[in-house]
Amino acid sequence: MPSQHPAEVGYGHVVEGYVTRMYGGLPRYLVLNGGRFLSPRWRHTTRFTRHLIADAAAINDEELEALLGYEWRSRLTAGWLIGVDRRERFRARIGDLLLASEVCYSGGAYCFALARFGTHADVEILTTYLDRYLPRTDLYYDQPAALGALLRLDALLGTRHADRFTERDGLWDEWVMGVGRLGYPSYTPAEQRRWTDLHCEFANGWTRP
């Protein structure tokens, strides 16, 4: 999927308006990626969150497409805005981007959006991703975020799709061992589920249930 600057399709304003807006000296995309907004000690949380909710409701589909067609900062921000506003019509689009894994960081935002949508269709995307990328023990992509989202959806839907990944000596354990040899950190499934829950419950607390 080729990258195209939003200005090339008539939406040059979206990067400055939605992606690089500043909060406490940090652009929005870095705050989203680092999770700083989850800290009660960060004094910009209320302003940041109000703006995020307002922008998620105000941005139109064409502007979101312009962001999704650009680089990782824009895609990450678009994924968050889609997830916050639960725009399920973007499910297939972000599913394709997640599976393609073309750029860094943005995949976690897509997983957040799928967890927010909360349906069996989102489970299917996440399991497809894990089937494709957990065997790649040489790649540290968005496997942790995908597993966390899947575990949350299993809990919400009363399903057990994550079991075949998390069984002892299964695909998750093999992937953790593989990327561990490359120097990447390892996380338990419970830790990944907790991180997804923190993001989703944060969004639930500020938006309609």
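## Around helix 7

Leu126 touches Leu98, Cys111, Leu114, Ala146, Ala149, Leu150 and Leu153, leaving aside residues up to four places away in sequence; contact here means heavy atoms within 4.5 Å. This is a predicted model, in which local features need pLDDT of at least 70, side-chain atom pairs count only at pLDDT 80 or more, and totals for chains, interfaces and linings use all residues. Residues are numbered from 1 along each chain as its sequence is written, and side-chain values use heavy atoms, with hydrogens and water left out.

Leu126 and Leu98 also appear in the largest nonpolar core, which has 61 residues; those with the most contacts inside it are Phe37, Phe48, Trp80, Ile82, Leu98, Leu126 and Leu130. Helix 7 gives the most to this core, with eight residues. A nonpolar core is a set of buried Ala, Val, Leu, Ile, Met, Phe, Trp, Tyr and Cys residues joined through side-chain atoms within 4.5 Å. In soluble globular proteins, nonpolar side chains tend to be buried together.

So let us look at helix 7 itself (106–117). Helices (H or I, at least four residues) are DSSP runs, numbered from the N terminus. At 1.5 Å a residue, the 12 residues of helix 7 should span 16 Å, and its end C-alpha atoms are 17 Å apart, which agrees; the expected span is 1.5 Å times one less than the number of residues. Of the 12 residues of helix 7, 11 are buried, so this helix is largely enclosed by the rest of the structure. Buried means under 20% relative accessible area, exposed over 50%, and partly exposed in between (1.4 Å probe, protein chains only). The cover over the buried residues of helix 7 includes helix 4 (61–68), helix 5 (72–84), helix 6, helix 8 (120–133), helix 9 (143–157) and helix 12 (189–206).

How buried or exposed is Tyr110? Tyr110, in helix 7, counts as buried, at 1% relative accessibility. Its contacts, not counting residues up to four places away in sequence, are Leu68, Arg75, Gly79, Ile94, Leu97 and Leu98.

Tyr110 also helps to line the largest cavity, together with Arg75, Leu97, Leu98, Ser101, Glu102, Val103, Ser106 and Gly107. The structure holds one cavity of 30 Å³ or more, and about 40 Å³ of space lies in the largest cavity. On a 1 Å grid over the protein atoms alone, a cavity is a set of points where a 1.4 Å probe fits but cannot get out, and lining residues have an atom within 4 Å of a point. Grid points are joined across faces, edges and corners, and a volume is the space filled by probe spheres set on the points. Three residues, the largest share of the lining, come from helix 7.

Now for some backbone angles. Most residues other than glycine have a negative phi. The table gives two residues with a positive phi.

| Residue | Phi | Loop | Relative accessible area |
|---|---|---|---|
| Tyr105 | near 70° | between helix 6 and helix 7 | 46%, partly exposed |
| Asp169 | near 60° | between helix 10 (163–166) and helix 11 (171–181) | 58%, exposed |

A glycine also has a positive phi: Gly118, just after helix 7, takes a value of about 75°.

Methods: 1 Å grid on protein atoms, 1.4 Å probe; cavity = no way out; pocket = protein on both sides within 12 Å on 5 of 7 lines; lining within 4 Å. Helix = DSSP H or I, 4+ residues; strand = E, 2+ residues; numbered from the N terminus.
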